[in-house]
Amino acid sequence: MSKIVVVGANHAGTACINTMLANYGKENEVVVFDQNSNISFLGCGMALWIGQQISGPEGLFYSDKDQLEAAGAKVHMNTPVQYIDFENKEVHVLLEGKEHIESYDKLILATGSIPIIPPIKGIELVKDNLEFKATLENVQFVKLYQNAQEVIDKLERPDLKRVAVVGAGYIGVELAEAFKRLNKEVILIDVADTCLVNYYDHDFTEIMAQNLKDNGIHCAFGQTVKAVEGTTKVERIVTDKETFDVDMVVMAVGFRPNNTLGKEKLELFTNGAYLVNKKQQTSYDGVYAVGDCATVYDNAIEASNYIALATNAVRSGIVAAHNACGTELESIGVQGSNGICIFDLKMVSTGLTLEKAKRAGYNAVETSFSDLQKPAFMEHDNYEVKIKIVYDADTRVVLGCQMVSKEDVSMGIHMFSLAIQEKVTIDRLALLDIFFLPHFNQPYNYITMAALSAK
Ligand SMILES: Cc1cc2nc3c(=O)[nH]c(=O)nc-3n(C[C@H](O)[C@H](O)[C@H](O)COP(=O)(O)OP(=O)(O)OC[C@H]3O[C@@H](n4cnc5c(N)ncnc54)[C@H](O)[C@@H]3O)c2cc1C
Ligand SMILES: NC(=O)c1ccc[n+]([C@@H]2O[C@H](COP(=O)([O-])OP(=O)(O)OC[C@H]3O[C@@H](n4cnc5c(N)ncnc54)[C@H](O)[C@@H]3O)[C@@H](O)[C@H]2O)c1
């Protein structure tokens, strides 16, 4: 019997623990440490909860200590791992306030990510706090259940009327919508000249930017935040171009891998993530890393990359579990598939945008098409869809796809995800067997038409 210690039991850790226990039963002793009081909080539901689109946070958890223990793990919550002695295979923790050493045969690091805190005057963290609390009151970071609860409590105060969201990425736009739904005045600030720059090309991001503006959000794009000011609480946010009087500042400028425990010993990716192979093995024998603290293999660039998504966290946890328990299993890699829905406008993407593909050195080109989802004679619930397929002009292989519509076109993006993974050419897509029924689509549908129009 070998002892496997898991550090971090959120999405990646929980998937790993459950896979080990479900498939290998009592073959291993599984010991888990997490510094938080709860596990499995779905951050994806945070904006829905804040914006009162769901009745409460209860459904945003899918596991807990009791469930993991019933399956056979020993779980220590509120227990930060402070240090790992990789040579002697020991994890040093603060257990109920006392130092405790746990030995291991194999180690899974699932310590996730922490908010990026840019060097802006006024947004510094209170030192050594696990819940990302800032020194100036009403500067909020959004990662944990506790962070969301705090924002909700503060929003109930009638004098809290104006909110600035810094970062117009996925979290920023989702929260901007949530605050607007609560009738707050919302300013959405990004250094980039538009929103969602990490996922879509400019023609697509402009559609979302217009959607945000149409719904009353003040977009301050292309602005660099210089300071957040106030005596004890937030009173204003100052950028290089404007000053906004606000009562709350929500920081959503991205996350960085939490590599504190292994950064001295393990090989790291450019952004500090633990560099892992397709079996989730780090550079240190017997040590695996999963989820947001680790790299993924990105099929679109055919190299390691950092793509922090719950979907990747879960899959990497499963892969690590099998390898740690003795069954060799390689990840098939990812395409970074993602989606968003803001005031009913839905956008989905996978693989590389045209801009990113060019930056990655591909001779990349695009083919686009816009049409109604269904034939024009379908007079109700029939929306415009815009699609862009990015492909390599030399090999004709599909590199990426973006779609936008009020229609739910999300299932279509999975096919492009597979196409990138399997290196399908744009010409194969043009003749793909796509069924037709007026309730769903058109005979000459936009996927076929975009592929047929490829030069
Ligand atoms: C607001 C928000 C919305 C999101 N929406 C989506 C979405 O719609 N779709 C999507 O795919 N992804 C989404 N994400 C990203 C997704 O939540 C992350 O990719 C995912 O949480 C990564 O899971 P993880 O288990 O690797 O890391 P984390 O969730 O960061 O968990 C790490 C765990 O490790 C523990 N830990 C860290 N250090 C220690 C230590 N020293 N000792 C003990 N325990 C430790 C922490 O307490 C935590 O429980 C969202 C994220 C946020 C914040
Ligand atoms: N729907 C989804 O799939 C979903 C939803 C939420 C979060 N997530 C994932 O969670 C992770 C974190 O999301 P996120 O929104 O924090 O990151 P993000 O990378 O999506 O967006 C960060 C944004 O902050 C901006 N930015 C960076 N530094 C800045 C600065 N100093 N001032 C102003 N703007 C600045 C960037 O230009 C970017 O637009 C991502 O990996 C994301 O994909 C996914």
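Two residues count as in contact when they have heavy atoms within 4.5 Å of each other. With that in hand, here's a quick look at this predicted model: of the contacts in the protein chain with a separation of 6 or more, 62% join residues 24 or more positions apart. The chain has 455 residues, and 53% of them are buried.

**Overall shape**
- The radius of gyration comes out at 23 Å, which agrees with the value near 23 Å that a compact globule of 455 residues would have.
- Lined up along the principal axes, the C-alpha atoms fill a box of roughly 70 × 55 × 40 Å.
- As for secondary structure, DSSP gives the protein chain 11 helices and 25 strands.

**Annotated domains**
- An unreviewed UniProt entry puts "domain: FAD/NAD(P)-binding" at residues 3-317.
- That span, residues 3-317, is 22% helix and 27% strand, and its end C-alpha atoms sit 17 Å apart.
- Further along, the UniProt annotation "domain: Pyridine nucleotide-disulphide oxidoreductase dimerisation", also from an unreviewed entry, covers residues 340-441.
- Residues 340-441 are 23% helix and 35% strand, with 22 Å between the end C-alpha atoms.

**Surface and charge**
- About 20500 Å² of the protein chain is exposed, and carbon and sulfur atoms supply 51% of that area.
- The chain carries 41 positive and 59 negative charges.
- Take the mean position of each set of charges, and the two points turn out to be 2 Å apart.

Notes: Residues numbered from 1 in each chain as written. Chains lettered and ligands numbered in written order. Predicted model: local features only at pLDDT ≥ 70, side-chain atom pairs only at ≥ 80, totals over all residues. Heavy atoms only, no water. UniProt positions renumbered as here; feature names shortened; annotations may be inferred. Helix = DSSP H or I, 4+ residues; strand = E, 2+ residues; numbered from the N terminus. Rg over C-alpha atoms; globule rule 2.2 N^0.38 Å. Buried < 20%, exposed > 50% of the residue type's maximum accessible area, 1.4 Å probe, protein only. Areas by Shrake-Rupley, 256 points an atom, 1.4 Å probe, with all protein chains shown as cover. Lys, Arg positive; Asp, Glu negative; His and termini not counted. Charge placed at Lys NZ, Arg CZ, Asp CG, Glu CD.
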